[in-house]
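Me: I am new to this structure and would be grateful for a close look at a single part of it. Please explain each term as it arises.

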Amino acid sequence: MIKTQGLTRHFGDFTAVKEVSFELQEGQTLALIGPSGCGKTTTLKMLNRLITPSAGKVWVNGQDISQQPVVQLRRQMGYVIQDMGLFPHYTVAENIAVVPRLLGWEVSKIKARTGALLEQLGLDTGAFAQKYPHELSGGQQQRVGIARALAANPPIVLMDEPFGALDPLTRQQIRRDFMELEELRSKTTIMVTHDIEEAFEMGSLVCLLNRGEVQQLAPPEALLQSPANDFVADFVAEKAAQLELRSAKLRDIFSELPEVPPLPGNALPLSPTLPLLRAIYRLAKARGEHPLGATTYQGQQRYFTLSMLIEAFKNNLQSWAN
Amino acid sequence: MGELITFFSDNQEKVMEQVLEHIGLTFISLLLAALIAIPAGIFITRRPRLSGGVLAFTGILQTIPSIALLGFLIPILGIGLKPAIFALFLYALLPILRNTYTGISEVDAAVKEAALGIGLSKGQLLRQVELPLALPVIFAGLRTATVINVGVATLAAYIGAGGLGEFIFGGIALNNATMILAGALPAALLAIIFDQLLALLQNTNARKLSKTGKPLLLIIPLLSSAYFWPQAYAPGWSAGFPPEFMGRPDGYQKVVDTYGVDFTTTILNNALMYKAVYEGEVEVISGYATDGRVEAYNLRQLEDDRHAFPPYYCAPIVQKKLAEENKILKEALDLLAGRINDSVMTVLNYRVDFDKISPEQVARDFLKAEGLWKSDQNQGGETLIIGSKIFTEQYILVELFSQLINGYTDYDVDTRPGLGGTKICFDALRNGEIDLYPEYTGTGLQVLLDPPQDTLERIITQPDAVYRYVSREFEAQYGLQWLSPLGFNNTYALMMREAQAESLNVKTISDLVGQR
């Protein structure tokens with residue numbers, strides 16, 4: 001879906017990013033993480049050409065992006081930044097409609113799309129559509145920022161510390177809502193964060209950078225289990241416990257799950273690689289009194305209830321404590 | 001206040017004309033400045049390295065005193081509308097440029113980054129984000145520029161571009177507060193009205209502004225064109241008259257009353273009118289007979305065949321007490337009595353105006369040639385202050401007087417040349433702020449005395465009678481003494497280009513009647 005090769009950027013004598021290469025499949029999320037000044041934001045901005053690489057290339061769907069008109073390129077990539085950057089002179093609805101309008105969508109289609117996005121993000125259309133950004137809380141503004149990025153259905157979403165400006169509680173809330181967005185499941189997402197828990201929770205791949213160089217590019221649990229070097233080991237050590245929990249996936253408890261549904265009803269199909277925490281969250285949010293989940297791993301199907309997941313999570317916690 | 005209302009009702013047409021001219025001047029220049037400064041402001045936000053230099057340059061333009069700027073522009077652009085608009089344009093540049101630059105620079109960097117990031121082109125970023133957000137600041141700049149322009153436009157009258165300054169300059173020249181107010185008050189009102197209207201626009205939000213902005217784009221050119229409305233119907237000869245001539249009893253009104261000739265007048269100051277008629281900006285001016293430029297520009301003096309103008313013999317006037325207590329002063333000044341005839345004075349004027357020799361040097365050369373020059377006596381006496389009106393001849397006379405007094409008396413001399421007009425000099429003399437200045441008999445007669453009509457008619461053709469009359473009346477009424485006349489008669493005269501006068505066969509003022 002998106003691929004980089006030897007991406008490098010110098011600012012004068014300073015090398016901000018040095019030979020960063022990765023490849024991301026459709027629907028994957030890459031979390032770029034590292035200490036301040038490690039080059040993660042620069043890397044992100046080279047993907048939509050806000051910054052021109054000094055060397056290296058980016059391909060989207062096999063096409064070299066340096067050969068594409070920059071405006072068209074950006075319109076198929078959602079972009080969310082920490083400071084939101086909502087247009088203060090536009091209403092919420094108009095902010096969300098910017099890219100569809102630029103793309104020449106019909107008014108009725110834009111309106112429907114805007115309403116749908118607001119509802120998905122938990123903002124009541126009637127109450128919010130005509131408000132101006134300054135009338136919203138930080139959390140609401142960031143939801144609108146996300147809605148604006150998603151409005152034209154871009155296959156790729158770039159996010160630069162999307163939750164960075166929010167207080168911890170709001171942050172967690174919005175992050176969860178965000179991850180559960182139907183819209184986003186199919187998106188290929190690249191996000192910059194300095195919060196390693198966030199990276200572990202959201203990233204199907206984590207790319208840890210230091211001084212512009214990739215230290216390790218791997219699924220989150222790999223950074224814990226087999227750190228590529230001391231820097232990676234040190235970086236994850238402090239929060240190892242939390243990260244362990246966040247990286248525990250459905251497939252890790254697969255063997256503990258029953259083959260036959262413990263309850264009647266339709267089961268919600270979930271990926272075996274879904275982190276346990278997110279599975280709990282998603283099931284808790286699912287409709288119905290006794291939600292039921294199902295997952296298929298190596299050709300076998302297993303079923304679970306919310307309480308079973310929570311139990312498994314506790315055991316996991318226990319095993320880590322021992 | 002009553003006087004002001006009377007003045008307005010007496011001069012309705014003129015007031016309307018000046019207000020329209022004033023609005024026109026303000027908005028033509030504002031429009032031009034906006035057309036240049038807004039794009040330039042945008043441009044320098046894209047080239048930050050240039051911004052410092054460009055802003056500094058317009059800042060420097062702003063610091064040039066307005067009268068001086070107008071003066072600089074005359075040799076390049078002549079007089080009238082062009083230099084006035086150009087000067088106003090220069091003054092309007094800075095506030096608009098600076099505010100455009102500031103407004104756009106201050107747009108939140110995150111907003112710009114997000115806009116580009118989601119795929120706005122640079123043009124779309126400018127039109128949809130930066131300009132709307134900067135609009136209130138840009139409007140504040142336009143507002144500042146408008147108020148500055150309404151103010152500076154009063155000076156346009158100084159170079160013959162009309163506007164409310166005509167009353168103000170006329171009022172200053174004649175020391176007529178009502179007339180000054182008649183120009184100043186509407187100018188102030190215009191400034192306040194435009195300021196408030198623009199403030200209203202500035203405070204409505206950007207979206208409404210962009211809607212109202214469109215009609216506004218039509219209104220500004222409309223207001224700009226206001227300047228030309230009065231000129232659309234302009235009967236009679238186009239004439240350039242100095243403010244004082246317009247206001248004095250022996251001036252414009254007298255000519256119109258005596259001859260019944262039609263003029264469309266432009267107010268022009270003394271220094272500029274000769275060139276203006278020479279260059280065809282106007283057809284007729286009210287020149288001074290002894291001015292060096294009459295000859296140089298080949299102007300024809302129209303004969304005053306029906307004696308609208310009295311004789312204007314020049315003599316110093318002083319406080320009677322001072323003259324009587326200091327015979328030596330009177331003796332020193334009497335050395336010049338009858339020595340300067342019309343052609344001599346014309347030559348002296350010419351040397352200053354055209355040979356660009358200082359009045360001081362011209363005066364000294366003359367005194368030396370006449371064998372009158374003496375070096376300074378010992379200083380240390382009382383200080384005598386000599387005033388003058390604001391045209392070349394008077395500057396020379398001040399020098400002549402002051403060099404004689406220095407040479408023949410132990411007075412110290414201090415000069416106050418360039419006082420705005422007759423009434424100012426006269427009032428200064430009466431109040432003891434100056435001790436003497438050169439005056440003309442006709443001016444004394446008609447501007448300062450206002451004799452009964454029959455007396456006027458009886459003496460107006462006789463120079464000696466006029467001199468005796470003003471001497472007697474000045475002494476009686478004001479305690480001022482006319483010293484001996486210097487010899488020349490610097491009369492007002494209507495003047496035209498020789499070629500035009502020839503082709504139209506105009507020799508006298510009467511010949512002007514009925515031609516237009």
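The reply below concerns one helix and its setting.

Reply: This is a predicted model, in which local features need pLDDT of at least 70, side-chain atom pairs count only at pLDDT 80 or more, and totals for chains, interfaces and linings use all residues. Residues are numbered from 1 along each chain as its sequence is written, while chains are lettered from A and ligands numbered from 1 in the order in which they are written.

The setting is chain B, which has 25 helices and ten strands; helices (H or I, at least four residues) and strands (E, at least two) are DSSP runs, numbered from the N terminus. The C-alpha trace of chain B spans about 90 × 60 × 45 Å along its principal axes. Of the 516 residues in chain B, 47% are buried. A residue is buried if 20 or more other C-beta atoms, placed from the backbone, lie within 10 Å of its own, exposed if 12 or fewer, and partly exposed in between.

The part chosen is helix α2 of chain B, residues 12-46. Because its 35 residues at 1.5 Å a residue should span 51 Å, the 50 Å between its end C-alpha atoms agrees with expectation; the expected span is 1.5 Å times one less than the number of residues. At B:A34, α2(B) bends by about 25 degrees, the bend being the angle between axes fitted to the seven residues ending there and the seven starting there.

Helix α7 of chain B (residues 122-152) packs against α2(B) at an angle of about 145 degrees, with the axes 11 Å apart. Such axes are lines fitted to C-alpha atoms, for helices over the stretch in contact, and angles run from 0 to 180 degrees between N-to-C directions. On the α2(B) side, the residues that meet α7(B) include B:A34, the site of the bend, together with B:L30 and B:I38. Among their counterparts in α7(B) are B:I138, B:L142 and B:A145. Two residues are in contact if their C-beta atoms, placed from the backbone, lie within 7 Å. By class, this contact of α2(B) with α7(B) has ten nonpolar, four polar and no charged residues. Ala, Val, Leu, Ile, Met, Phe, Trp, Tyr, Cys and Pro count as nonpolar, Asp, Glu, Lys and Arg as charged, and the others, Gly among them, as polar.

The contact between chains takes 15 residues from chain B and 18 residues from chain A. Helix α7 is among the elements of chain B that each supply at least two residues to the side touching chain A, while α6(B) gives the most, with six residues.
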